[in-house]
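Q: How should I read the ligand site and a helix pair in a model like this one?

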Amino acid sequence: METYDLIIIGTGAGGGTLLHKLKDTGKKILVLERGGFLPREKANWDSKEVFQNERYHTKEIWKTKEGKDLHPGTGYWVGGNTKVYGAALFRLRERDFEEIRHEGGISPAWPLTYADFEPYYTAAEKLYWVHGKMGIDPTEPFRTEDYSYPPISHEPRIQELHDALVKDGHQPFNMPVAIKLIESDMLNSPCIRCNTCDGYPCMIHAKSDADINCVRPSLANENITLLINAKVERLITSTDGHTIDHIEVSYNNELIQFKSAIVVVACGAINSAALLLKSANEQHPDGLANSSGQVGRNFMKHNSAAMLGISLKENPTKFQKTLAVNDYYFGDKDFPYPMGHIQLLGKSDREQVSPDAPFFTPGIILSEMASHSVDWWFTGEDLPDPNNRVEVIDGQIHLDYTENNMKGFDRLIETWKEVLAKIDGRYVFVPHGIYLSKDIPLAGVAHQVGTAKFGTDPATSVLDIHCKAHDVDNLYVVDGSFFPSIGAVNPSLTIIANALRVGDHLIEKLSSL
Ligand SMILES: Cc1cc2nc3c(=O)[nH]c(=O)nc-3n(C[C@H](O)[C@H](O)[C@H](O)COP(=O)(O)OP(=O)(O)OC[C@H]3O[C@@H](n4cnc5c(N)ncnc54)[C@H](O)[C@@H]3O)c2cc1C
């Protein structure tokens, strides 16, 4: 059995970033990733392949609480879900770290404050080339420095909307986005500002993802070993149950084992919880590190919706993910509770719009819908509920989820429809994308977090403030699982910043090995 100083399981926003942080420690690090490298191929930018045929999603089937099949909108690749993400990288607001009363209940406080995360947010934005501008987002938390990369400009149709919103008293701002765009020198810019970014893999590797920005640069170091198509099946503890003794991995149709002084689970919030639950043993009968009973519980994924705003005006925008609005983040004058966040999606095309319309809709109408739509994405905070949980039954993932805190979110969408109709002429709104599908309502697990929350009390949390399991001395979970609440902005920058934060702790720990 080969022995390492540290094993990282999973290479997404959490695992990939942590690897990059630890790569120069000189310690012997093994990285295990169940997927392979996402192929560079023309299909990367083929809407039908990406959205209708779900080419880059797993074929794995999970179950809903009603026992129905669930086809999750998630992929297993080096880089995890950052391979297809929209790269909108936001900081949580200062108040998101504190207890906030929502119309639907309480969003709990984190055990750390925004100030604890601030230096790591700054480092995360640099590592992922986030473009933005300080001082234009009305709910922005304090920053010690401006972004290192300038904000991404709006194309004319979006600029027109921006100006109309400002005239109406709103405060739209340039969305922080992690792409390798050099607008001042397009001849040498890696990013070509195309319309196949949000939801697509980047064929020319110009989107900042965990694979390109973190994993590949780390592989040059001799102390790093990456094994792809290596799925971790179980973590096996020592006989007293206090440490992980070794791990079992499916690789090339065999079950192989590795030993390591420290083990980091970074499989994404659902799969990390599933791995801990599958690793139950005599010392940990309810799942590994689960004396609190919280592993798999408090699963959150955002209240989210996508909407085509179809107007009489044409929208020839190519790179549309440039504008966001936080004016209603904490409520409005008649609703003193948080409502949520609004941002533009990548520009939809005929293939993306087709599942939103009745099957008999002629192709020409689909093309007209797409060419006249501005495409919006809304997120509101779903509150942590212990009954919203991941379970593993007969080896299969079951997701039990009941939506909550919808009033503010519904109000956000209705308000936005009124605003657009007022400032921009006549509109038709059409729900858009798999997120609103009636058949597989849980499939949109893109923003999964919260299944192994961190905290100071081992009775009510799974991880301590360094994301080490309270119950197991050498086990860490470094991905979206640690969130005690989700806030309403996209989660990845916080996952990345946290990996850098835990990385500092692990560097210290590794130095004493
Ligand atoms: C279409 C889409 C758009 C998105 N857009 C945005 C956005 O604009 N902004 C934003 O902030 N977020 C966005 N997200 C969400 C973002 O991708 C996730 O927040 C982020 O990737 C989560 O990081 P993670 O490390 O928790 O998990 P992941 O990135 O999912 O990484 C988990 C890794 O673990 C591996 N793994 C799982 N199980 C095992 C196992 N048993 N053994 C070995 N390896 C395993 C997986 O293959 C994967 O590589 C989007 C997601 C999707 C799907």
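The dialogue below takes the ligand first and a helix pair second.

Q: What should I know about the model?
A: It is a predicted model, where local features need pLDDT of at least 70, side-chain atom pairs count only at pLDDT 80 or more, and totals for chains, interfaces and linings use all residues. Residues are numbered from 1 along each chain as its sequence is written, and side-chain values use heavy atoms, leaving out hydrogens and water.

Q: Which residues come nearest to the ligand?
A: A residue is near if one of its heavy atoms lies within 4 Å. Here 35 residues surround the ligand, and Gly 14, Glu 33, Asn 81, Gly 86 and Ala 88 come nearest.

Q: Which polar contact does the side chain of Asn 81 make with the ligand?
A: A polar contact is a pair of N or O atoms within 3.5 Å. A polar side-chain atom of Asn 81 lies 2.8 Å from a ligand oxygen. A backbone N or O atom of Val 232 is 3.0 Å from a ligand nitrogen.

Q: Which element gives the most to the shell?
A: Helices (H or I, at least four residues) and strands (E, at least two) are DSSP runs, numbered from the N terminus. Strand 11 gives the most, with three residues.

Q: How do the axes of helix 4 and helix 9 cross?
A: Axes are lines fitted to C-alpha atoms over the stretch in contact, with angles from 0 to 180 degrees between N-to-C directions. Helix 4 (156–167) and helix 9 (406–424) come within 10 Å and cross at roughly 100°. Angles of 65 to 115 degrees count as roughly perpendicular, so this pair is roughly perpendicular.

Q: Which residues of helix 4 meet helix 9?
A: Contact means heavy atoms within 4.5 Å. Arg 157, Glu 160, Leu 161, Ala 164 and Leu 165 do.

How values were computed:
Angles under 35 degrees count as roughly parallel, over 145 as roughly antiparallel, 65 to 115 as roughly perpendicular and the rest as oblique. A polar contact is a pair of N or O atoms within 3.5 Å; within protein, one must be able to donate a hydrogen and the other to accept it, and residues adjacent in sequence count only if both atoms are side-chain atoms.
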